[in-house]
Amino acid sequence: MRRLTRTVATAALATALALVSACSSGSDSSDDAKGGNGGSLEKVTYLTSFGNFGRDSYAWVAKEKGFFKDAGFDVEIKPGQGTGGVIQTIVGGQADFGPIDLTGGLLQVGNGGAKDFTVVAAIQQRTMAGIATVEGKNIASPKDLEGKKLADTPGSVVRNLFPTYARLAGVDEKKVTWVNGEAQNLISTLATGQVDGIGQFVVGQPTIEAVAKKKAVMLPYSNVMQDLYGNVLITSSKIAKEKPEMVKKFTAALLKGLEYSLANSKEAGEILKKNVEASNPVAAAAELELMAAYVRSGNTGTAIGTLDSGRVAKSIAILQGAGALKQNITPEQIIDFSLAPKA
């Protein structure tokens with residue numbers, strides 16, 4: 001009798017364990033659809049600033065490390081095609097967030113080229129825009145660009161800001177030829193000798209050297225245009241107005257990924273490689289190491305993501321002084337300072 005009782009108890013226990021296992025398995029499969037607080041995840045589409053390079057790897061880090069999920073988001077990351085393309089895609093409703101160069105955004109708004117987007121945080125406190133070339137092209141200074149052929153995407157801030165840069169650097173822009181290119185192909189276009197230089201963020205130097213097998217020569221715009229911010233995070237004006245708390249949560253998660261990437265550049269490079277097979281993890285890590293000085297520099301304190309109205313006003317004044325803006329604009333027309341991180 002005792003043996004029968006033990007047999008029944010053992011069977012009951014096995015059944016109970018099987019049920020627990022099944023329940024646990026079911027809850028695990030739904031974890032991906034739930035945030036850190038157990039609620040359902042909100043789907044968000046995020047654009048990188050320009051292709052899939054190390055400088056943008058912090059978005060994949062935020063996803064891989066669970067920062068987005070903990071904040072309540074299921075994020076799809078897609079490659080952007082420069083400032084103009086990112087603005088157009090977000091305003092058109094095909095994406096929710098993405099980085100643009102702030103100066104490029106000011107040029108777009110000040111010349112009637114775009115509207116209905118809102119800046120909510122800084123990514124870099126100084127512009128990283130510039131011209132990149134390689135040794136053997138006889139380009140060592142801005143003046144050497146005259147008579148040369150450069151490539152970039154039509155909506156890139158490097159290209160759109162070039163007339164202002166040329167004017168301040170003493171370059172006759174009419175003597176410089178621009179051709180169209182795509183973000184992911186620009187470096188190979190330079191490496192194969194199809195052009196003399198490309199529009200590129202200065203942190204792209206390690207990637208250029210890895211592809212071209214030559215020493216890169218960089219002409220940073222910041223050498224002649226100071227006080228200009230670099231990339232900033234934008235969303236549509238509709239989302240900024242209707243979902244301010246959602247914007248703040250997403251921004252915080254993304255910036256957490258940025259901070260982690262700067263502190264763990266090699267890991268960030270490997271995470272990028274895991275998600276973008278064609279990427280070079282060593283070059284990606286080197287880009288992040290170069291970018292750190294741009295993310296934390298400036299006059300707005302040490303907090304990542306902060307924006308200062310006075311500095312933005314100076315940027316506008318620089319562009320107005322160079323005749324690059326057709327209409328007057330204010331920082332508040334493009335930035336919602338109530339959504340930006342505080343210094």
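These legends accompany close-up views of a predicted model.

**Figure 1. The whole chain holds 13 helices and twelve strands.**
The protein has 343 residues, and buried ones make up 51% of them. Many contacts bridge distant parts of the sequence. Take contacts between residues at least 6 apart in sequence: 78% of these join residues at least 24 apart. The views below pick out single parts of this fold.

**Figure 2. An open sheet of five strands, in the order β9-β8-β10-β7-β11.**
The pairing in this sheet is mixed. Which strands form the edges? They are β9 (177-180) and β11 (216-220), and each pairs on one side only. From one strand to the next, the twist averages 30°. Strand β8 (residues 149-152) runs parallel to β9, and four bridges join the two. Within this pair, K149 stands opposite T177 of β9.

**Figure 3. Helices α6 and α8 pack on the five-stranded sheet.**
Helix α6 covers residues 157-169. Its contacts reach β7 (130-134), β8, β9, β10 (197-199) and β11. The direction of α6 makes about 170° with that of β9. Helix α8 covers residues 205-212. This helix touches β7 and β11. Its direction makes about 150° with that of β11.

**Figure 4. Two residues with positive phi, N138 and K213.**
In general, most residues other than glycine have a negative phi. N138 departs from this pattern, with a phi near 60°. It sits in the loop between β7 and β8. Is N138 buried or exposed? Its relative accessible area is 66%, so N138 is exposed. K213 is not a glycine either, yet its phi is positive, at about 60°. Its place is in the loop between α8 and β11. K213 counts as exposed because its relative accessibility is 68%.

**Figure 5. Strand β12 pairs with β5 and with β6.**
Strand β12 spans residues 231-236. Six of its six residues are buried, so the rest of the structure largely encloses this strand. Strand β5 (residues 97-101) pairs with β12 in the antiparallel sense, over five bridges. One of the positions to look for is D101, whose bridge partner in β12 is N231. Strand β6 (residues 117-122) also runs antiparallel to β12, and five bridges join them. Here A122 has V232 of β12 as its bridge partner.

**Figure 6. T83 in helix α4 and its surroundings.**
Helix α4 covers residues 83-91, and T83 lies in it. T83 has a relative accessible area of 5%; it is therefore buried. What does T83 touch, not counting residues up to four places away in sequence? Its contacts are I100, D101, G104, G105, G155, S156 and V157. Two elements from earlier views meet here. D101 is the bridge partner of N231 in β12. V157 falls within helix α6 (residues 157-169).

**Figure 7. Helices α10 and α12 pack against each other.**
In general, two packed helices are described by the angle between their axes and the distance between the axes. Helix α10 covers residues 244-263, and helix α12 covers residues 281-296. They pack at an angle of about 130°, with their axes 9 Å apart. The two helices are therefore oblique to each other. The crossing of α10 past α12 is left-handed. On the α10 side, the contact involves L258, E259, S261 and L262. These meet L288, M291, A292, V295 and R296 in α12. By type, the residues of this contact divide into six nonpolar, one polar and two charged.

**Figure 8. S57, a buried loop residue.**
S57 lies in the loop between β2 (50-51) and α2 (58-64). With a relative accessible area of 0%, S57 is buried. Which residues does S57 contact, leaving aside its neighbours within four places in sequence? They are A268, L272 and L288. L288 appears in the previous view too, as one of the α12 residues that meet α10.

How values were computed
Residues numbered from 1 in each chain as written. Predicted model: local features only at pLDDT ≥ 70, side-chain atom pairs only at ≥ 80, totals over all residues. Heavy atoms only, no water. Axes fitted to C-alpha atoms, helices over the stretch in contact; angles between N-to-C directions. Parallel < 35°, antiparallel > 145°, perpendicular 65-115°, else oblique. Left-handed = near helix turned anticlockwise from the far one by under 90°. Contact = heavy atoms within 4.5 Å. Nonpolar A, V, L, I, M, F, W, Y, C, P; charged D, E, K, R; others polar. Pairing = 2+ DSSP bridges. Buried < 20%, exposed > 50% of the residue type's maximum accessible area, 1.4 Å probe, protein only.
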